[in-house]
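Me: Hi! I'd like to go through a structure with you, one bit at a time. Can I start with a residue that caught my eye?

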Amino acid sequence: MGNPVNILAIESSCDDTSAAVLSDGFLLSNVIASQKVHESYGGVVPELASRAHQQNIIPVVHEAIKQSGLAKEELSAIAFTRGPGLMGSLLVGTSFAKGLSLSLNIPLIEVNHLQAHILAHFIQTKGEEKENPQFPFLCLLVSGGNSQIVLVKSPRDMEIIGQTIDDAAGEAFDKCAKVMGLPYPGGPVIDKLAKEGNEKAFQFCKPQIPNYDYSFSGLKTSFLYLLRDELKKNPNFIEENKNDLCASLQYTVIDILMTKLRKAVKDLGINRVAVAGGVSANSALRAAFEDHAKRYKWTIHIPKFSYTTDNGAMVAIAGYFKYLDKEFCDISLPPFSRVEM
Ligand code: KG4
């Protein structure tokens, strides 16, 4: 047996600064510094995010290496999120990764953030070994910035077969939460309040768009119009119906997501289905996956909660697959902000 492949990974695409160390596919450490500074603004403020990354990056990377029990000299390569994300945020992680790879004289590996979310399903933890998804499989990737159905043919070969033409699912949760006066990010709050609500209390419009694409802007408008009309009649409408509003909204978002996913499963004849991204933390979406597994005999893959939000571990596993193919990159490579896969 040769030396283990030890990957240090750095993630800084949005508002989480994270670093992880992975050894031969097994996670040794995963340190995440979340930025609370954005809460009072009701959304991520890019300039503040970059500044917080600058403050966090050294302690986070230092802690990840320390917790891994490895010496810097034992690292085989450095993986970093190249994009998509906020340019100022990406520049912090990217530049740091480049500098460290030069100083340690080890290869640099660029990672696509969206592919990393999907590959999080392959992270192994000692004592909790699990079966990896079999290729090909479908992955519903749902976050604050993306809603996609991805056909995953191999760790390096993925095809987006459907995606949102406007807002992402997480964005729909966050924006609707904002108009109800709920804190940011709205997704987890809606999830919690929905548990006590009636999901059939209100009906919202559902998009009629072809293929496997999604749209959530109509739902957002329909939600807004309901509030506007009802508030004219009763100024306490939101307060009195908060749980039902959250439950009905959540039900509609999940119905939209699962309807297209069922279509993809049926058309492609692939019943191995995974879910990834921030919205995959949603308890009702997870329950819908469990239900589909029983009802339609899907083999499902639901991520650990710690891998639903942005994290270095997912970047490390994506980097590990690239390392095995010796796919390294040059330090001249710039980050990219927009969706590519
Ligand atoms: O992947 P992610 O951490 O990063 C971005 O894409 O920004 O996803 C964040 C999104 C937010 O929109 C947040 O509201 C949503 O994931 N989210 C949830 C839940 N937890 C996070 N949405 C619904 N239910 C949840 N439990």
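Me: Where does K297 lie?

Reply: K297 lies in the loop between α8 and β10, and β10 covers 299-301. Keep in mind that this is a predicted model.

Me: OK, and what is its phi? I mean the phi of K297.

Reply: K297 has a positive phi of about 55°, although K297 is not a glycine.

Me: Let's go to the helix before that loop. At what angle do α7 and α8 cross?

Reply: Their axes cross at roughly 40° and come within 10 Å. That makes α7 oblique to α8. The crossing of α7 and α8 is right-handed.

Me: Which residues meet there, in α7 and in α8?

Reply: From α7 you have Q250, I254, L257, M258, L261 and R262, and they meet A284, L285, A288, F289, H292 and Y296 in α8. By type, the contact of α7 with α8 has nine nonpolar residues, two polar ones and one charged one.

Me: Why give both an angle and a distance?

Reply: Two packed helices are described by the angle between their axes and by the distance between those axes.

Me: Got it. How do α5 and α7 cross, then?

Reply: Helix α5 is residues 186-194 and helix α7 is residues 237-268; their axes come within 8 Å and cross at roughly 110°. Angles of 65 to 115 degrees count as roughly perpendicular, so α5 is roughly perpendicular to α7. The crossing of α5 and α7 is left-handed.

Me: And which residues of α5 and α7 meet?

Reply: I190, D191, L193 and A194 are on the α5 side, with K242, N243, C246, A247, L249 and Q250 on the α7 side. This contact of α5 with α7 divides into six nonpolar, two polar and two charged residues. You have met Q250 before, as one of the α7 residues that meet α8.

Me: One more pair, please! Are α4 and α6 roughly parallel or roughly perpendicular?

Reply: The axes of α4 (residues 169-179) and α6 (residues 217-233) cross at roughly 15° and come within 10 Å. The two helices are therefore roughly parallel to each other. Their crossing is right-handed. The contact is made by K175, C176 and V179 of α4, together with K220, F223, L224 and L227 of α6. Five of those contact residues are nonpolar, none is polar and two are charged.

Me: Changing topic: how many residues are around the ligand, and which come nearest?

Reply: There are 17 residues around the ligand, and G144, D174, D191, G278 and N282 come nearest. D191 is also one of the α5 residues that meet α7.

Me: What about G145, how far is its polar backbone atom from an oxygen atom of the ligand?

Reply: That distance is 3.3 Å for G145. Two other glycines are worth a look too. A polar backbone atom of G170 is 3.2 Å from an oxygen atom of the ligand, and for G187 the distance from a polar backbone atom to a ligand oxygen is 3.1 Å.

Me: Last thing, the prolines. Is the peptide bond from G83 to P84 cis or trans?

Reply: The G83 to P84 bond is cis, with omega near -5°. P84 is in the loop between β4 (77-83) and α2 (87-104).

Me: And what about the bond from F135 to P136, cis or trans?

Reply: The peptide bond from F135 to P136 is cis, with omega near -10°. You can find P136 in the loop between α3 (113-119) and β6 (137-142).

Note on methods: Residues numbered from 1 in each chain as written. Predicted model: local features only at pLDDT ≥ 70, side-chain atom pairs only at ≥ 80, totals over all residues. Heavy atoms only, no water. Axes fitted to C-alpha atoms, helices over the stretch in contact; angles between N-to-C directions. Helix = DSSP H or I, 4+ residues; strand = E, 2+ residues; numbered from the N terminus. Parallel < 35°, antiparallel > 145°, perpendicular 65-115°, else oblique. Left-handed = near helix turned anticlockwise from the far one by under 90°. Contact = heavy atoms within 4.5 Å. Nonpolar A, V, L, I, M, F, W, Y, C, P; charged D, E, K, R; others polar. Near = heavy atom within 4 Å. Polar contact = N/O pair within 3.5 Å; in protein donor to acceptor, adjacent residues only side chain to side chain.
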